Amino acid sequence: MQAAYKRYRVIAFLLVVLMLVLADHLASPTFAFNMGDGRAQTALNQRDASACAPCGAPCPSTRK
C-alpha cells in the first residue's frame with residue numbers, strides 16, 4: 001500500500017507556510033512601529049540628550 005502523502009512534502013509545505021507568515025509579520029506596520037521605525041515618538045527617541053535623569057526628564061533646576 002502506498003502512502004497518501006510523503007513526509008518530506010508535508011515538512012516542505014509547513015516550512016513554506018512558516019516563511020510566508022514570517023515575511024508578512026516582518027513587513028507589517030505593527031512590527032515596524034514596535035521596532036521604533038514607525039515614525040512614532042517612543043520613549044527611546046524622545047529622550048533629551050541634555051537631561052540629567054536617565055529617563056530623559058529635565059533637571060529640576062531647569063524647570064520653570
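Where is Val-17 placed? Val-17 sits in helix H1, and that helix is a good spot to start the tour. Keep in mind that what you're looking at is a predicted model.

Let's zoom out for a moment. The protein chain has 2 helices and 0 strands. Of its 64 residues, just 6% count as buried. Its accessible surface comes to about 6200 Å², and carbon and sulfur atoms account for 64% of that.

Now back to H1, which runs over residues 7-26. With 20 residues at 1.5 Å each, H1 should span 28 Å, and its end C-alpha atoms are 29 Å apart, so the two values agree. H1 is also hardly covered: 0 of its 20 residues are buried. Val-17 fits that picture, since its relative accessible area is 34%, and because buried means under 20% and exposed means over 50%, Val-17 ends up partly exposed.

Val-17 has company, too. Together with Tyr-5, Val-10, Phe-13, Leu-14 and Val-21, Val-17 makes a nonpolar surface patch of about 600 Å².

Follow the chain onward from H1 and you get to a loop, with helix H2 (29-34) on its other side. Ser-28 is in that loop. Is Ser-28 buried or exposed? Its relative accessible area is 18%, and because the cut-off for buried is under 20%, Ser-28 counts as buried. The side chain of Ser-28 also makes a link: it reaches the backbone nitrogen of Phe-31 at 3.2 Å.

Key: Residues numbered from 1 in each chain as written. Predicted model: local features only at pLDDT ≥ 70, side-chain atom pairs only at ≥ 80, totals over all residues. Heavy atoms only, no water. Helix = DSSP H or I, 4+ residues; strand = E, 2+ residues; numbered from the N terminus. Buried < 20%, exposed > 50% of the residue type's maximum accessible area, 1.4 Å probe, protein only. Areas by Shrake-Rupley, 256 points an atom, 1.4 Å probe, with all protein chains shown as cover. Polar contact = N/O pair within 3.5 Å; in protein donor to acceptor, adjacent residues only side chain to side chain. Patch = residues over 30% accessible without salt bridge, like charges linked within 9 Å, V, L, I, M, F, W, Y side chains within 5 Å. Salt bridge = Lys/Arg side-chain N within 4 Å of Asp/Glu carboxyl O. Expected span 1.5 Å × (residues − 1).
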